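Work through the exercises below with the model open beside you. Try each task before you read its solution.

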Amino acid sequence: MSLEPTSGGPLYQQLRQELFARIRRGEFAAGDLLPSENQLCDEYGVSLTTARRALLELVKEGVVRRRAGVGTMVAPHVRAANLAFVSIDDIADAWHMISSAMGELVAGIGELAWKRSASFSMSGIDEERAQEHLRTLIEARNTDGVLLRTANDIREDYLDILESAGMPYVVIKRQLARRAINCVVSNDVLGARMATEHLLAQGHKRIAFVCAKSSLTLTQERLVGYRDALEAAGLDFDETLVRLEPSFHNGMGYRAVGELLQLPARPTAIFAASDTMAIGGYQAAREFGFNIPADVAFVGYDDISPVALLQPSLTTIRTAYYDFGHLAAELLLDLIDGQKEAPQRVVIQPELVIRESTSVPLDTPRSVPRPGTASTTSNNQFGSKSVAVIGRQGSLTEAIAALLSKDGTHVVAPAWQTMDLNEADASVCACDLRRDLEGNLAAALADGEAAARSMAKRRTGVLVLVALVPGRQQNTGIAAAARAGLQQLTGTLATRWAPRGIRVNALLVTNAEIASVADPCQFLLSSASAALTGHLLSLGEPGAT
């Protein structure tokens, strides 16, 4: 066979990749001699320099060994394929708030890698440093393939960097309309049509559409599916029932649904083409006094794990993140092993998961019972009656208390006296895990226990742990250890106090993001997260650990 000189990267890298794939496929076993440089030139139509350089690359990686007078032979233990999972995020990405989707995606990658005897690393970077990061991966040459997940549409310059270097890659949940790439995507037109058709079958005629990032291909496809279903049912497309927000943050869902429910002819059903936005939409509906689904039905999209725990549980379109990770890793390893040729496009077919948030609409939709009670411009979207802010680091505790107070929360003080008097409905426990990790985790456990014990006297309450951790560029190791410690602490408190009516969740915050702590903290304090306990949300750099 011959290599392609005009695409697929430098010829020596193409040859190195081909030889590595043949070794992984078992064509050459440990100790077997590879073809000589001259034989490789004849077989692949390359120069002697190209053949020699390809073999030297494999020698550097420990895949083969060269013995003078004998030749090049496969090493006794061929290393596993190394995959790099790179998440390129923007600042407002909803994944910074709810980590369950990332966890499911990583689980899918990890299980497939384990089955195929491969290893993988993961990193989260911002868009400004993405090109530099990809070039570093290529230059280091300790990665055999890249899994790419981006908050926005995939940029062609990322793919140009990888393809010009001959680096196998797979893009997750993103594709390009005019360029064939390796990707795993879902049929979002079909998924949106299924969601809308389900609501139409329930008898709804005024169905709103809520999504984000109007420029995203998947957003446009979900809007097309929604419009197609309406058209097939003989209903006109009404732009007043469409809201496209700047991000998939639950606060954006709150705002969009709040606006829709105040329309003179309000919708009886909401298709929130994002589960995170549906979570915020639930809170808006409740603040207006609407019953779900009797007054307003909801359908989400993605089926992230928290939505099955909402009250009522959310009907949604399942395109499981676990499947995305599993299929993407499988495709990448097939490309690395030469079992498939690029480009490859894998399409996941969506599934409608019917739960409790959809039903037949009322004959006469109820109007807003208390006009203006849920302001779409208010910062206090997820307020609690009274919140005690506690913690050992005075400046951090005061800063969080000030942010919550500014956001409209009734913060009671002095915090410990309030807890002793059993007057607080909820407690926020602040801890700084950037130093003395073990000591501060122990202090947070003691503080959390004290707060939960006080609230448990009434058999109801909410405890939110807010932990400050170093940013990725400061100390990745401490950040990873802090996350693991906080996850264990949250699980311990949740297991111990949930049976006594205390809901416990945690928020992981980098120093740079502390000013944005109010909204996610309000969400965890609110009834919108009433079914969540033991969960850890990230604000800032989820991929850093």
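The exercises go from the whole chain to single residues.

**Ground rules**

This is a predicted model: local features need pLDDT of at least 70, side-chain atom pairs count only at pLDDT 80 or more, and totals for chains, interfaces and linings use all residues. Residues are numbered from 1 along each chain as its sequence is written, and side-chain values use heavy atoms, with hydrogens and water left out.

**Exercise 1. Describe the protein as a whole.**

Step 1: start with secondary structure. The protein has 16 helices and 20 strands. Helices (H or I, at least four residues) and strands (E, at least two) are DSSP runs, numbered from the N terminus.

Step 2: look at burial. Of the 545 residues, 56% are buried. Buried means under 20% relative accessible area, exposed means over 50%, and partly exposed lies in between (1.4 Å probe, protein chains only).

Step 3: turn to contacts, meaning heavy atoms within 4.5 Å. Take the contacts with a separation of 6 or more: 75% of them join residues 24 or more positions apart.

**Exercise 2. Trace the six-stranded sheet.**

Step 1: write down the order. The sheet is open, with parallel pairing, and its strands run 4-3-5-6-7-13. Two strands pair if DSSP finds at least two bridges between them.

Step 2: find the edges. These are strand 4 (119-126) and strand 13 (345-348), each pairing on one side only. From one strand to the next, the twist averages 20°.

**Exercise 3. Place strand 6 among its neighbours.**

Step 1: look towards strand 5. Four bridges pair strand 5 with strand 6 in the parallel sense. Leu-148 has Val-171 of strand 6 as its bridge partner.

Step 2: look towards strand 7. Two bridges join strand 6 (residues 169-172) to strand 7 (residues 183-186), again in parallel. Val-171 stands opposite Cys-183, and Ile-172 has Val-184 as its bridge partner.

Step 3: check the two faces. In a regular strand the side chains alternate between the two faces of the sheet. In strand 6, Tyr-169 and Val-171 are buried on one side, and Val-170 and Ile-172 are buried on the other.

Step 4: add the helix. Helix 6 (residues 156-164) lies across strand 3 (82-89), strand 5 (145-150) and strand 6, at about 180° to strand 5. Strand 5, helix 6 and strand 6 form a right-handed β-α-β unit. Right-handed means that, with the strands pointing away from the viewer, the path from the first strand over the helix to the second runs clockwise.

**Exercise 4. Why does Cys-429 form no disulfide with Cys-431?**

Step 1: recall the cut-off. A disulfide is a pair of cysteine sulfur atoms within 2.5 Å.

Step 2: compare. The closest cysteine sulfur to that of Cys-429 is in Cys-431, 5.8 Å away, so it is too far for a bond. Cys-429 is buried, at 0% relative accessibility.

Step 3: widen the search. The whole structure holds zero disulfides.

**Exercise 5. How do helix 1 and helix 2 cross?**

Step 1: read the geometry. The axes of helix 1 (residues 11-24) and helix 2 (residues 37-44) come within 13 Å and cross at roughly 100°. Axes are lines fitted to C-alpha atoms, for helices over the stretch in contact, and angles run from 0 to 180 degrees between N-to-C directions.

Step 2: name the angle. Helix 1 is therefore roughly perpendicular to helix 2, a term for 65 to 115 degrees.

Step 3: list the residues that meet. Leu-15, Glu-18, Leu-19 and Arg-22 of helix 1 meet Leu-40, Glu-43 and Tyr-44 of helix 2.

**Exercise 6. Find the unusual backbone sites.**

Step 1: recall the background. Most residues other than glycine have a negative phi, and most peptide bonds are trans.

Step 2: list the cis bonds. One runs from Gln-311 to Pro-312, with omega near -5°. Another runs from Ala-342 to Pro-343, also with omega near -5°.

Step 3: list positive phi values. Phi of Ser-117 is near 55°, and phi of Lys-173 is near 70°.

Step 4: buried or exposed, Ser-117 and Lys-173? Ser-117 is exposed, with a relative accessible area of 52%. Lys-173 is buried, at 13%.

Note on methods: Angles under 35 degrees count as roughly parallel, over 145 as roughly antiparallel, 65 to 115 as roughly perpendicular and the rest as oblique.
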